[in-house]
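Please open the structure in your viewer and keep the selection tool at hand. The tour below proceeds from one selection to the next and describes what is found at each stop.

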Amino acid sequence: MTLTPGYLLLLYISAGVWSVPIDRNGGNREVKEEVQEESIDTGLYYDRYLREVIEVLETDPHFREKLQTANTEDIKNGRLSKELDLVSHHVRTRLDELKRQEVSRLRMLLKAKLDSKNTQSLQMDHASLLKQFEHLDPHNQNTFEAKDLELLISTATKDLENYDAERHEEFKRYEMLKEHERREYLKSLDQEKREREEKRLQELKEKHRQHPKVNAPGSVAQLREVWEETDGLDPQEFNPKTFFKLHDTNEDGVLDEQELEALFTKELEKVYDPKNEEDDMMEMEEERLRMREHVMKNVDTNKDRLVTLEEFLKSTEKKEFSNPKEWETLDTKLVYTDEELRRFEAELRDKEEELKRRAETLRQEQELLKERGKALEAQRREYQQAVIEMSQRQKDLQAADGQPPAGPNGELQFQPETHKPEDKEAKAPVQLEAEAQNNLPAEPPQNLPSHT
C-alpha cells in the first residue's frame, strides 16, 4: 500500500534515524523484511512512549483512515489530533494506560534527579515539575486526550528537527576531546618519545587522506556508481525513475532519510575501513549525516524530510546533478575553531577541579565515618566491660550474703548437694564409734527381781 506523506511523517517520527544496508544479492523481499524488523531508538527521551502511542492508534480503523488521507500540515498543526475523540473505547483505554505509565516514569526520573542533587523534599510538587516535559499535558495525568496527541506530535517534530544539529554538536565535542587527549598524552612523554609519536600520528593522518575521490552525494556520478556496483546494472542504462523504485525498499512511494543514507555506503567505504587504525568510525557516521543533509537540502523541496518521486526526478534536471562541486570530506578541515577548543579545554579543567573537590569531600566524609565507627566500637567495648564488671560484683555480693549465684537473667541458681566418696573416710573417729555402738545387739537384763 502506498502511504501519503502525512502518514509517513508520523511514521517517520516513530521510526527515528538509522542506516539501512542494502543487499541486492538477497532479493528485494529479504531487504524489506530486514527494514521492517529494524527498531532503532530515535534518541528522544520519550521514544518508547511515542512508539507505543502510534502503534495503538494504528489499531483503530477510523484513525488509520484519517491518517492515510492527512497531509503534513494537518499533522503538524494539530487538526489530526481532533480525530482522537472518534476512536474506539478500547483504544482510548489503552492510551490512558500508556499516559499513566509515562507520567509514572517521569516522576521516577524527577525523583532520581533530585536525589542525585541531594535535594530533600518531603512534599514534592509533581504537577509543577512535570511542566518541564512538553510531550504531554501535565495538568491531566490520568487520561490521554486530543491535547496530548497534539503535544506529542509537535514536540517530536521539533525535537527531531533539532536532532541533526545536536548530533553535529556532539561530534564536535568528540573531536575536541580527542585532540585534547592527544595533547595531554604527548605532554606526558619525554622529548625523544614525543617527537617519535608525533611523527607516527602525522603519518596516520596522511595515510587516511590517501583515498579515492568521493563523488558528491546525489550527483549522477554517485548514483551511477550505486547503480553499477550495488545494483549490478549497466551504468550506460542508468534511469532515475528505475533507480528510485529500486531503492524505495519498502515501496511506500518516497525515499526516507534512512533509504537515502544507505545510498552513501559505497562512497564512505572509499574513506573509512574499520580495520585501519587511521580511520575513525565516528567520523564516518558524521560524514554520512553530512551527505544526507546535502541531498535533502537540494531535493526535498517541501522540507517534510521525505523525497517523493517527483522531487527526485526534478533534482536530476538541475545543473548540480551533472556538474556538482567537489565534495570535501571531513579530513580536509577542522570542525571546530581554536577558540572553541580553548573554551572546551577550560570547561574540562573546571569539571576536573569540581570532581577533585567532590572526591576530597567524599574522602573527608569517609574519614569522618571511620572515626565515628572507631568511637562507636570503643563505646561498645566500654559498655560490654561495664556489664561484665556489674555481673561480677553482683555474684560477689550474693556469695557474701550466702545466697546462691544468680543466673544470666538474675534468677537464683540452686545447686544439688553431692556426696563425695572421700567423705566417709574423712569422718571423725568419735562419729564412727557412735555408729558402731548403734549397730551392737542389745544386752540381756541383769539381776531382775524374782516373784515368789
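Select Glu293 first. Leaving aside residues up to four places away in sequence, Glu293 touches Asp164 and His168. This is a predicted model. Glu293 is located in helix α15. Is Glu293 buried or partly exposed? Its relative accessible area is 27%, so Glu293 is partly exposed. Now add Arg305 to the selection. Glu293 and Arg305 are twelve residues apart along the chain, and their C-alpha atoms are separated by 9.7 Å.

**Asp164**

Move next to Asp164, one of the residues that Glu293 touches. Asp164 belongs to helix α9. With a relative accessible area of 8%, Asp164 is buried. Which residues does Asp164 touch, if those up to four places away in sequence are not counted? They are Leu289, Arg292, Glu293 and Arg305.

**Three pairs of opposite charge**

Side chains of opposite charge can pair when their charged atoms come close. In this structure there are 39 salt bridges, and three of them are visited here.

Remain in the helix of Asp164, which is α9, and select Glu179 and Arg182. These two residues form a salt bridge in which the closest N and O atoms are 2.8 Å apart. Why are Arg182 and Glu179 separated by about one helical turn? The reason is that they are three residues apart in helix α9. Arg182 has a relative accessibility of 32% and therefore counts as partly exposed. Glu179, at 15%, counts as buried, because the limit for a buried residue is under 20%.

Return to helix α15, which covers residues 281–299, and select Glu287 and Arg290. A salt bridge links Glu287 with Arg290, and the closest N and O atoms are 2.4 Å apart. The two residues lie three residues apart, about one turn of the helix. Are Glu287 and Arg290 buried or exposed? Both are buried.

The third pair is in helix α18, residues 338–400. Select Glu360 and Arg363 there. Their side chains meet in a salt bridge, with 2.6 Å from N to O. Because Glu360 and Arg363 are three residues apart in helix α18, about one helical turn separates them. Glu360 is partly exposed, with a relative accessible area of 32%, and Arg363 is partly exposed as well, with 40%. Salt bridges may also share partners: in this way Asp164, Glu257, Glu261, Arg292 and Arg305 are joined into one network. Select these five residues together to view the network.

**The largest pocket**

Rolling a probe the size of a water molecule over the atoms shows where empty space is left. How much space lies in the largest pocket? It holds about 910 Å³. To find the pocket, select Glu175, Lys178, Arg182, Lys205 and Glu283, which lie nearest its centre among the 28 residues of its lining. Arg182 has already appeared on this tour, as the salt-bridge partner of Glu179.

Now colour helices α9 (163–187) and α10 (191–209), each of which supplies at least two residues of the pocket lining. Which helix gives the largest share of the lining? It is α10, with nine residues. When the lining of the largest pocket is sorted by class, there are 17 charged, eight nonpolar and three polar residues.

**A loop residue**

Select Glu251, in the loop between α12 (240–247) and β1 (254–255). Most residues other than glycine have a negative phi, and most peptide bonds are trans. Glu251 is not a glycine, yet its phi is positive, at about 55 degrees. Its relative accessibility is 48%, so Glu251 counts as partly exposed.

**The whole chain**

Finally, clear the selection and display the complete chain. It contains 20 helices and two strands. Of its 452 residues, 35% are buried. The accessible surface of the chain comes to about 30,100 Å², and 50% of this belongs to carbon and sulfur atoms. Among the contacts in the chain with a separation of 6 or more, 68% are between residues 24 or more positions apart. One contact to locate again in this full view is that of Asp164 with Arg305.

Notes. Residues numbered from 1 in each chain as written. Predicted model: local features only at pLDDT ≥ 70, side-chain atom pairs only at ≥ 80, totals over all residues. Heavy atoms only, no water. 1 Å grid on protein atoms, 1.4 Å probe; cavity = no way out; pocket = protein on both sides within 12 Å on 5 of 7 lines; lining within 4 Å. Points joined across faces, edges and corners; volume = space filled by probe spheres on them. Helix = DSSP H or I, 4+ residues; strand = E, 2+ residues; numbered from the N terminus. Nonpolar A, V, L, I, M, F, W, Y, C, P; charged D, E, K, R; others polar. Buried < 20%, exposed > 50% of the residue type's maximum accessible area, 1.4 Å probe, protein only. Contact = heavy atoms within 4.5 Å. Areas by Shrake-Rupley, 256 points an atom, 1.4 Å probe, with all protein chains shown as cover. Salt bridge = Lys/Arg side-chain N within 4 Å of Asp/Glu carboxyl O.
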